[in-house]
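Here is a short walk through one chain, with a few local features to look at along the way. Have the viewer open and follow along.

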Amino acid sequence: MLLALLPPEIVVRVLCILLQEQSLLVYSSDAGLVTAVTTAFMLLLQPFTWEGIFVPLLPTAAYEALDAPVPY
């Protein structure tokens, strides 16, 4: 599903961002799509693990969590 939604160049770029432990925000009006894409990226990181905060879905009312000083 991930490769059907995003071109391979974007997938590789996102994996590079995650491996460098930088923050990444995935935005869409479809909550199911966001959850599927973020979970797919976490699975693609294996055998590595994401040590930052993983929030697959954040309610709009909790936007202040984006100011957290740790990678998300």
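Setting aside its neighbours within four places in sequence, T35 is in contact with P56 and L57. This is a predicted model, so please read the computed values below in that light. T35 sits in helix α3. With a relative accessible area of 30%, T35 is partly exposed, because that value falls between the 20% and 50% cut-offs. T35 also has a C-alpha to C-alpha distance of 9.1 Å to V55, although the two are 20 residues apart in sequence.

V55 leads us on to the largest pocket. V55 is one of the residues closest to the centre of this pocket, together with L25, V26, L58 and L66. The pocket holds about 620 Å³ of space, and 26 residues line it. Which helix gives the largest share of the lining? That is α3, with 5 residues. The classes of the lining residues are set out here:

| Class of lining residue | Number in the largest pocket |
|---|---|
| Nonpolar | 22 residues |
| Polar | 3 residues |
| Charged | 1 residue |

Next comes helix α2, which runs over residues 8–19. Its 12 residues should span 16 Å at 1.5 Å a residue, and the end C-alpha atoms are indeed 16 Å apart, so expectation and model agree. Which residues of α2 are buried? They are V11, V14, L15, I17 and L18. These buried residues cover an arc of only 160° around the axis, and therefore lie on the same side of α2. On the other side of the helix, P8 and E9 are exposed. The cover over the buried residues of α2 includes α1 (2–5) and α3 (31–44), and α3 is also the helix that holds T35.

Two backbone details are worth a look. Just after α2, E21 takes a positive phi of about 60°, and does so although E21 is not a glycine. E21 belongs to the loop between α2 and α3. Is E21 buried, partly exposed or exposed? At 47% relative accessibility, E21 counts as partly exposed, because exposed would need over 50%.

The other detail is a cis peptide bond, which joins Q46 and P47 with an omega of about 15°. P47 is found in the segment after α3.

Conventions:
Residues numbered from 1 in each chain as written. Predicted model: local features only at pLDDT ≥ 70, side-chain atom pairs only at ≥ 80, totals over all residues. Heavy atoms only, no water. Helix = DSSP H or I, 4+ residues; strand = E, 2+ residues; numbered from the N terminus. Expected span 1.5 Å × (residues − 1). Buried < 20%, exposed > 50% of the residue type's maximum accessible area, 1.4 Å probe, protein only. Arc of directions from axis to C-beta. Contact = heavy atoms within 4.5 Å. 1 Å grid on protein atoms, 1.4 Å probe; cavity = no way out; pocket = protein on both sides within 12 Å on 5 of 7 lines; lining within 4 Å. Points joined across faces, edges and corners; volume = space filled by probe spheres on them. Nonpolar A, V, L, I, M, F, W, Y, C, P; charged D, E, K, R; others polar.
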